[in-house]
Amino acid sequence: MQLAVLLLSVGRAVLAALRERLDALCWSLAPLSLSLPLSLPGWRNSVPRDEPEQEQEADDESPTPTSVNYHFTRQCNYKCGFCFHTAKTSFVLPLEEAKRGLAMLKEAGMEKINFSGGEPFLQDRGEFVGKLVQFCKQELELPSVSIVSNGSLIRKQWFENYGEYLDILAISCDSFDEDVNILIGRRQGKKNHVENLHKLRQWCREYAVAFKINSVINRFNVEEDMNEQIKALNPVRWKVFQCLLIEGENSGEDALREAEKFVISDEDFDRFLDRHKDISCLVPESNQKMRDSYLILDEYMRFLNCRNGRKEPSKSILDVGVEAAIKFSGFDEKMFLRRGGKYVWSKADMKLDW
């Protein structure tokens with residue numbers, strides 16, 4: 001019996017690897033011109049077939065993709081226990097296809113793009129995201145281009161090459177106690193996450209990039225007082241999230257994380273916010289505000305609908321276009337505006353003392 005289970009497990013791993021190779025092959029054969037649609041037979045095979053049936057009626061009026069979060073990779077070098085975009089695939093679009101999709105989003109009304117993951121600096125050690133940042137600022141002329149990263153792989157040379165094109169760098173930091181970071185999984189090797197955070201803050205000053213901090217408040221850091229450290233780092237924004245469960249990502253039988261032990265109550269979250277109420281750059285986001293107010297684009301450029309408590313993908317914008325795909329995104333445009341999703345997000349307008 002144990003042998004049969006082992007063989008089944010090995011077989012599934014082999015099939016998954018073959019599937020990813022087929023994905024990459026399909027994309028490499030696809031036309032790379034920004035003006036041509038993907039029309040090769042079998043292109044749809046490059047997108048997983050686990051998409052739900054789109055039975056719901058789409059609204060007549062599509063929301064505008066003003067601000068888009070493009071999670072172009074699921075791979076990460078950290079293992080944060082509450083992560084809700086876990087590494088189920090190593091697939092990353094070819095650079096020119098990613099640019100084509102970004103151009104489509106700009107045409108549909110995108111003003112801000114945020115590159116995330118996974119860890120965006122893993123792909124070609126930051127060259128991939130650097131080229132996308134440059135493309136979005138230089139060629140698409142987007143008002144705001146930002147990145148969310150754990151910061152562990154960013155080198156000063158990257159700022160020298162691409163810093164001028166980046167408006168905001170957001171570094172994830174959940175605690176200023178290294179022991180807590182280790183408990184959470186926000187560490188690799190012997191590198192001190194907090195010390196690295198201060199180094200990145202200095203580089204952002206040197207290269208005129210607005211510095212932001214993202215923190216996920218969970219059971220391990222909910223009692224922490226971060227006032228002194230945040231004031232010393234002086235970010236333009238300190239985004240504070242309540243730990244969120246997403247079925248199939250960090251919760252449930254088919255999940256790669258078990259985030260239930262990190263979850264806190266609304267009352268716990270409110271107490272944390274009250275402890276830090278004097279920090280002017282604090283931007284709190286409860287589970288209610290967060291779930292439907294983000295436009296999330298996955299590695300296949302599919303919008304992810306989280307309204308049912310799990311990420312249900314639309315068709316890829318590269319296949320059906322932005323307007324058709326976004327109708328099934330579950331995006332709550334009113335909540336996006338209510339939570340302050342649109343703000344002064346171009347560094348040219350921030351008037352910071354670099």
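Colleague: Is glutamate 247 buried, exposed or partly exposed?
Modeller: This is a predicted model. Glutamate 247 sits in the loop between strand E6 (237–242) and helix H8 (266–275). Its relative accessible area is 33%. Buried means under 20% and exposed over 50%, so glutamate 247 is partly exposed.

Colleague: Which residues gather with Glu247 in a patch of negative charge?
Modeller: Patch residues need over 30% relative accessible area. Glutamate 247 has 33%. The patch lies on the surface, and Glu247 shares it with Glu253, Glu258 and Glu260.

Colleague: How do the rings of phenylalanine 82 and phenylalanine 262 pair: stacked, tilted or edge-to-face?
Modeller: The structure holds 15 aromatic pairs. In this one the ring centres are 5.6 Å apart and the planes stand at 90°. Planes over 60 degrees apart count as edge-to-face. So the pair of phenylalanine 82 and phenylalanine 262 is edge-to-face.

Colleague: How many residues apart in sequence are the parts that phenylalanine 82 and phenylalanine 262 tie together?
Modeller: Both phenylalanines, 82 and 262, are buried. Phenylalanine 82 lies in the loop between strand E1 (67–71) and helix H2 (95–107). Phenylalanine 262 lies in the loop between E6 and H8, so the parts tied together are apart in sequence by 180 residues.

Colleague: Where do glutamate 97 and arginine 100 lie, and about how many helical turns separate them?
Modeller: Glutamate 97 and arginine 100 form a salt bridge, with the closest N and O atoms 3.3 Å apart. Glutamate 97 is buried at 0% relative accessible area. Arginine 100 is buried at 5%. The two are three residues apart in helix H2, which means a separation of about one helical turn.

Colleague: What is the distance between the closest N and O atoms of aspartate 174 and arginine 186?
Modeller: Aspartate 174 lies in the loop between strand E4 (168–172) and helix H5 (178–184), and arginine 186 in the loop between H5 and helix H6 (193–206). Both aspartate 174 and arginine 186 are buried. They form a salt bridge, and their closest N and O atoms are apart by 2.5 Å.

Colleague: Which strand holds glutamate 285, the partner of arginine 339?
Modeller: The side chains of arginine 339 and glutamate 285 meet in a salt bridge at 3.3 Å, N to O. Arginine 339 lies in the loop between helix H12 (333–338) and helix H13 (347–350). Glutamate 285, 54 residues apart from arginine 339, is in strand E7.

Conventions. Residues numbered from 1 in each chain as written. Predicted model: local features only at pLDDT ≥ 70, side-chain atom pairs only at ≥ 80, totals over all residues. Heavy atoms only, no water. Patch = residues over 30% accessible without salt bridge, like charges linked within 9 Å, V, L, I, M, F, W, Y side chains within 5 Å. Areas by Shrake-Rupley, 256 points an atom, 1.4 Å probe, with all protein chains shown as cover. Salt bridge = Lys/Arg side-chain N within 4 Å of Asp/Glu carboxyl O. Lys, Arg positive; Asp, Glu negative; His and termini not counted. Charge placed at Lys NZ, Arg CZ, Asp CG, Glu CD. Helix = DSSP H or I, 4+ residues; strand = E, 2+ residues; numbered from the N terminus. Buried < 20%, exposed > 50% of the residue type's maximum accessible area, 1.4 Å probe, protein only. Phe/Tyr/Trp six-rings, centres within 6.5 Å; stacked < 30°, edge-to-face > 60°.
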